[in-house]
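Reader: I would like a close look at one part of this protein, with its surroundings worked through step by step. Please keep to what can be read from the coordinates.

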Amino acid sequence: MSPAGQPRGSVPDGAALVVVTFPMPAGTRFDWHTHEDHQLAWAASGVLTVLTGAATWVLPPTRALWIPAGLPHETASDGHATMRSLYIKPGLSPVTWAEPTPVAASPLLAELIGYLGGTLAADHRAHAEILLADLLTPVPMTTIAVRLPVSPPARQLAQALRADPADHRTLQEWGREVAASGRTLARAFAAETGVPFGRWRTQLRLAAALPLLAAGEPVSRIAGRVGYDTPSAFVAAFRRETGQTPAAYFRSRQDLPKPRLARRLPEPQPGVAGCERQRVPGQLSRPAHCARPVTDLAFSP
């Protein structure tokens, strides 16, 4: 591995990309880091959460995320997941998106990722890489950005609500907890997060709900966990913020068109989990390769 965390010696001669598989036990987190190559992050199983400086992306197996080279990001899984990550050389990639871009992870794309993870003749690999680029179809996917306030009383309140988004206390009640008036807290949230406190709390609750929705938990259970009295109130808030119902936001894998393959592609060969550094509960935390401070986090677990 290079000091920047890039695969070294694992990319076949003349190839544009390498596929690496990362088993991710529940609670795994790859701390803030960057890559010299473009990355396509996809959950072959489970659910991934990718944080950038501007948004939180929750990825069920029906979605993958294009992460441009050099962009600081963090990747995590609350439950058990398997991430298959493609590292794509910028100079050899026909895809040049400069921003994080979600794509549809169709069954055909999933099979192709596994195929590219195997041992291939040079001409077969070249054809597969061309097909991969053709299959990277951007899809609309609303993100929920939760910016944290910076002043100490407001940030203390924000951190407490992140830990328990179902807490219903008002700003006046929180003021007694953090030693600030409700008016002072209201001004801090509006100035430092860009939205009034009420909408900020809604965004926080919906962001907390996204991993649960992607994991398939019922809305009736999620609504109470994130602070809504009824499932219908939760669905209404979700629609107002994203323009979609939770069901539309996370379509099931069975809703995607089935590919027609002439032959079954070989099973993916697991890569060596070396391009990322992970933190698992009960183990010592290790810094990510190429880690650097990110001064304006959108939402971090």
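Which residue in β8 is the bridge partner of Val-18? Please start from there and describe the sheet, what packs on it, and then the rest of the protein.

Author: The model is a predicted one. The bridge partner of Val-18 in β8 is Tyr-87. That pair belongs to a longer ladder: β1, residues 17–24, and β8, residues 81–88, run antiparallel and are joined by eight bridges. Strand β1 is mostly covered, with seven of its eight residues buried.

Tyr-87 also has a neighbour from another stretch of chain. Its C-alpha atom is separated by 5.7 Å from that of Asp-37, although the two residues are 50 apart along the chain. Asp-37 is in the loop between β2 (29–33) and β3. With a relative accessible area of 15%, Asp-37 is buried, because the cut-off for that class is under 20%.

Thr-82 is a further residue of strand β8. Its relative accessibility is 16%, so Thr-82 counts as buried too. Leaving out residues up to four places away in sequence, Thr-82 touches Thr-21 and Phe-22, and also Trp-42, Ala-43, Ala-44 and Ser-45. Strand β1 covers residues 17–24 and β3 covers 38–45, so by the DSSP runs these contacts of Thr-82 fall in those two strands.

The strands belong to an open sheet of five, in the order β1-β8-β3-β6-β9, with antiparallel pairing. Its edges are β1 and β9 (101–104), each of which pairs on one side only. From one strand to the next the twist averages 25°. Towards the β9 edge, strand β6 (residues 63–67) is joined to β9 by four bridges, and the two run antiparallel. Within that pairing, Leu-65 stands opposite Pro-102 of β9.

Helix α1, residues 107–116, packs on this sheet and touches β1, β3, β8 and β9; its direction makes about 105° with that of β1. Eight of the 10 residues of α1 are buried, so the helix is largely enclosed by the rest of the structure. The buried ones are Pro-107, Leu-109, Ala-110, Leu-112, Ile-113, Gly-114, Tyr-115 and Leu-116. Their cover includes β1, β3, β8 and β9, and also helix α2 (122–135).

The nonpolar cores come next. Nonpolar side chains tend to be buried together in soluble globular proteins. The largest core here has 53 residues, and Leu-157, Leu-185, Trp-200 and Phe-234 have the most contacts inside it. Helix α6, residues 197–214, supplies the largest share of that core, with 10 residues. Apart from this core lies another, of 22 residues, which includes Leu-86, Ala-110, Ile-113 and Leu-120. Of these, Ala-110 and Ile-113 are among the buried residues of α1.

Helix α6 can be checked for length. At 1.5 Å a residue its 18 residues should span 26 Å, and its end C-alpha atoms are 26 Å apart, which agrees. Of those 18 residues 15 are buried, so α6 is largely enclosed by the rest of the structure. Just after α6, Gly-216 takes a positive phi of about 90°.

Leu-185, named above for its contacts inside the largest core, is a way into the neighbouring helices. Leaving aside residues within four places in sequence, Leu-185 is in contact with Pro-153, Ala-154, Leu-157, Leu-171, Trp-174, Gly-175, Val-178 and Ala-180. Several of these residues also appear where α3 and α4 meet: Pro-153, Gln-156, Leu-157, Ala-160 and Leu-161 in α3 are in contact with Leu-171, Trp-174, Glu-177 and Val-178 in α4. The axes of α3 (residues 152–163) and α4 come within 10 Å and cross at roughly 110°. That crossing makes α3 roughly perpendicular to α4.

After α4 (171–178), the loop leading to α5 (182–193) contains Ala-179. Most residues other than glycine have a negative phi. Ala-179 has a positive phi, near 60°. With a relative accessible area of 73%, Ala-179 is exposed.

For the protein overall, there are nine helices and 10 strands. Of its 301 residues, 50% count as buried. Among contacts between residues at least 6 apart in sequence, 76% join residues at least 24 apart.

How values were computed:
Residues are numbered from 1 along each chain as its sequence is written. This is a predicted model: local features need pLDDT of at least 70, side-chain atom pairs count only at pLDDT 80 or more; totals for chains, interfaces and linings use all residues. Side-chain values use heavy atoms; hydrogens and water are left out. A nonpolar core is a set of buried Ala, Val, Leu, Ile, Met, Phe, Trp, Tyr and Cys residues joined through side-chain atoms within 4.5 Å. Buried means under 20% relative accessible area, exposed over 50%, partly exposed in between (1.4 Å probe, protein chains only). Contact means heavy atoms within 4.5 Å. Two strands pair if DSSP finds at least two bridges between them. Axes are lines fitted to C-alpha atoms, for helices over the stretch in contact, and angles run from 0 to 180 degrees between N-to-C directions. The expected span of a helix is 1.5 Å times one less than its number of residues. Angles under 35 degrees count as roughly parallel, over 145 as roughly antiparallel, 65 to 115 as roughly perpendicular and the rest as oblique.
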